[in-house]
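Open the model in your viewer and keep the selection panel at hand. The tour below goes one selection at a time.

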Amino acid sequence: MSIKQNLQDIKSHIPEHVTLVAVSKTKPNSDIMEAYNAGQRIFGENKIQEMADKYEALPKDISWHMIGHVQRNKVKYMAPFVSLIHGMDSFKLLKEIDKQAKNESRIIDCLLQLKIAEEESKFGMSKTDALNMLQSDQFQELKNVRITGVMGMATFTDNEAQVIAEFNRLKTIFNELKILHSNLEIISMGMSGDYELAINCGSNMIRVGSSIFGTRSY
Ligand SMILES: *Cc1c(COP(=O)(O)O)cnc(C)c1O
């Protein structure tokens with residue numbers, strides 16, 4: 001199937017309130033343009049340099065989401081244009097994003113990445129760290145960043161029950177954080193293999209790559 005057909009197929013199966021981020025990492029600009037010409041405007045990348053190169057080359061009405069792990073020393077390269085940073089997982093990083101956003105006279109939206117998977121390798125904050133951060137005075141002082149939701153990744157496994165438990169964990173944490181921080185709106189969870197489960201568990205933003213663009217070769 002073509003990229004356009006894949007997109008239409010996914011869009012026809014997800015509810016209206018769910019935002020689709022087309023994950024275009026490693027894919028050429030021609031693939032992104034095919035999706036763009038089919039109406040897609042939100043793209044996700046996991047490397048800052050690659051995203052910046054694509055931003056330069058492609059139409060300026062594209063919203064670029066950084067979905068990968070963010071290195072602090074590279075924040076400045078995306079600060080002029082990034083529309084949402086999904087992988088915000090430490091106060092130190094948030095401070096750097098705030099600083100670079102201020103340089104650009106922008107307010108940058110970020111999602112708190114929470115660790116929901118059993119696997120050791122996944123990045124993310126614990127619920128306690130997230131709660132403490134949102135309640136701290138230091139956090140209140142940052143005027144050029146806005147936390148608009150949460151993001152999480154489930155364990156890569158065939159065990160559906162485990163994936164559902166992990167997604168439910170993120171939804172529960174979201175509800176708890178929202179009591180303190182009422183402007184949380186986004187729950188970014190679900191990828192090609194598990195977005196239907198994620199939506200059933202309350203996701204309203206899915207990050208889908210291979211089901212749109214085909215498998216990646218690194
Ligand atoms: C690559 C990636 C995705 C998309 O993965 P697919 O399985 O190709 O849909 C989603 N989220 C993150 C954080 C990723 O790095």
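Select the ligand and Arg216: an oxygen atom of the ligand is 2.8 Å from an N or O atom in the side chain of Arg216. Keep in mind that this is a predicted model.

Stay at the ligand and add Ser192, where an N or O atom of the side chain is 2.5 Å from a ligand oxygen atom. Then add Gly209: here a polar backbone atom is 2.8 Å from an oxygen atom of the ligand. The residues surrounding the ligand also include Val23, Lys25, Ile67, Met151, Met153, Met191, Arg207, Val208 and Ser210.

Next, follow Val23 away from the ligand. Val23 stands opposite Gly44 in β2. Select strand β1 (residues 19–23) together with β2; the two run parallel and are joined by 2 bridges. Now add helix α2, and you have β1, α2 and β2, a right-handed β-α-β unit.

Extend the selection to β3. β2 and β3 pair in the parallel sense over 4 bridges, and within that pairing Glu45 has Met66 in β3 as its bridge partner. With α3 included, β2, α3 and β3 form a right-handed β-α-β unit.

Go back to α2 (residues 29–37) and colour Asp31, Ile32, Ala35 and Tyr36, which are buried. Why do they line one face of the helix? Look down the axis of α2: the buried residues fall within an arc of 145°, so they line one face. An α-helix has 3.6 residues a turn, so residues three or four places apart point the same way. On the face of α2 turned away from the buried side, select the exposed residues Ser30 and Asn37.

What do the buried residues of α2 pack against? Show α1 (3–13), β2 (42–45), α3 (48–57), β3 (63–66) and α10 (210–213), which are their packing partners. Just after α2, click on Gly39, which has a positive phi of about 105°.

The last stop is Phe213, in helix α10. Is Phe213 buried or exposed? Phe213 counts as buried because its relative accessibility is 8%, and the cut-off for buried is under 20%. Leaving out residues up to four places away in sequence, Phe213 touches Asp31, Ile32 and Ala35, along with Ile3, Ala22, Val23, Ser24, Lys27 and Phe43. To end, draw a distance from Phe213 to Asp98: their C-alpha atoms are 33 Å apart in space, and the two residues are 115 apart in sequence.

Methods
Residues numbered from 1 in each chain as written. Predicted model: local features only at pLDDT ≥ 70, side-chain atom pairs only at ≥ 80, totals over all residues. Heavy atoms only, no water. Buried < 20%, exposed > 50% of the residue type's maximum accessible area, 1.4 Å probe, protein only. Arc of directions from axis to C-beta. Contact = heavy atoms within 4.5 Å. Pairing = 2+ DSSP bridges. Right-handed = clockwise from strand over helix to strand, strands pointing away. Near = heavy atom within 4 Å. Polar contact = N/O pair within 3.5 Å; in protein donor to acceptor, adjacent residues only side chain to side chain.
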